[in-house]
Amino acid sequence: MSTAAAPVRSGAVLADLLPAARHRYAVDAALVLGGAALTGIAAQIAVPVPGSPVPVTGQTFAALLIGTALGARRGFLSLALYALVGMAGMPWFAEASSGWSMPSLGYVFGMLLAATVVGALARRGGDRSVLRTAGTMVLGSAIIYAIGVPYLALSAGMSLSAAVAAGLVPFLLGDALKAALAMGALPAAWKILGRRG
């Protein structure tokens with residue numbers, strides 16, 4: 001895979017390339033709603049982890065892709081909408097759960113911050129090459145764990161080391177696979193769009 005950046009205008013994210021000059025606010029609203037819905041759908045792809053109250057899901061991958069594709073502002077709004085509607089009772093958190101009392105809610109808060117950060121990095125070209133995308137995804141995942149693991153420890157009455165064992169270690173291989181998917185998909189999308197531009 002090439003690590004060369006695509007010749008598309010700098011400061012753009014993938015969503016900025018949509019032709020919508022006259023209807024920008026409607027398109028932005030649709031992107032934010034779509035991002036929240038995609039995260040909710042991806043959260044239903046859940047595999048329980050023995051000994052952990054946190055399942056492996058597709059929602060972290062969706063949150064990071066949404067942040068990079070939509071940018072910091074729209075990524076934040078998508079994940080904020082996802083979090084608020086889920087806490088209000090919509091059963092679209094992992095395994096069709098909702099509410100405030102889940103021990104895994106810290107991961108949702110982490111995804112909100114991670115989508116914002118990776119969106120800002122994407123606007124600076126953090127998703128245009130394989131190596132930059134790898135760094136962007138690793139940082140986004142680290143942010144999710146930096147909030148999710150301590151929240152898990154506090155809400156489940158675990159020690160921090162037990163929370164790391166239950167809420168971080170079992171997920172590292174899956175996160176590496178998700179990062180590898182992003183490392184192929186995002187730079188390829190920029191390369192294709194660069195040829196069209």
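Mentor: Two residues are said to be in contact when heavy atoms lie within 4.5 Å. Please keep that cut-off in mind, and note also that this is a predicted model.

Trainee: With which residues is A182 in contact, leaving aside its neighbours within four places in sequence?

Mentor: Beyond those neighbours, A182 is in contact with F61, L65, T133, M137 and P187. A182 itself belongs to helix 7, which covers residues 172-196.

Trainee: Is A182 buried or exposed?

Mentor: A residue is called buried when its relative accessible area is under 20%. The relative accessible area of A182 is 0%, so A182 is buried.

Trainee: How far is the C-alpha atom of A182 from that of A69?

Mentor: Distance along the chain and distance in space should be read separately. A182 and A69 are 113 residues apart along the chain, while 11 Å separates their C-alpha atoms.

Trainee: How should I read the span of a helix, taking helix 3 as the case?

Mentor: The expected span is 1.5 Å times one less than the number of residues. Helix 3 has 16 residues, 72-87, and should therefore span 22 Å; the C-alpha atoms at its ends are 22 Å apart, in agreement with that value.

Trainee: Which residues of helix 3 are buried, and what covers them?

Mentor: The buried residues are R74, G75, S78, L79, A80, Y82, A83, G86 and M87. Their cover includes helix 1 (24-43), helix 2 (59-70) and helix 4 (105-123).

Trainee: Which residue takes a positive phi just after helix 3?

Mentor: That residue is G89, whose phi is about 130°.

Trainee: How many helices and strands does the chain have, and in what order do its elements run?

Mentor: One first counts the elements and then reads them from the N terminus. There are 7 helices and 2 strands, and the order is α-β-β-α-α-α-α-α-α. The radius of gyration is 17 Å, close to the 16 Å given by the globule rule for 197 residues, so the chain is as compact as a globular protein of that length. Along its principal axes, the C-alpha trace spans about 55 × 35 × 20 Å.

Trainee: What percentage of the residues in the chain is buried, and what supplies the area that the chain exposes?

Mentor: Of the 197 residues, 47% are buried. The chain exposes about 9400 Å², and carbon and sulfur atoms supply 72% of that area.

Trainee: How many positive and negative side chains are there?

Mentor: The chain has 13 positive and 5 negative side chains, and the centres of these two sets lie 12 Å apart.

Definitions and conventions:
Residues numbered from 1 in each chain as written. Predicted model: local features only at pLDDT ≥ 70, side-chain atom pairs only at ≥ 80, totals over all residues. Heavy atoms only, no water. Helix = DSSP H or I, 4+ residues; strand = E, 2+ residues; numbered from the N terminus. Buried < 20%, exposed > 50% of the residue type's maximum accessible area, 1.4 Å probe, protein only. Rg over C-alpha atoms; globule rule 2.2 N^0.38 Å. Areas by Shrake-Rupley, 256 points an atom, 1.4 Å probe, with all protein chains shown as cover. Lys, Arg positive; Asp, Glu negative; His and termini not counted. Charge placed at Lys NZ, Arg CZ, Asp CG, Glu CD.
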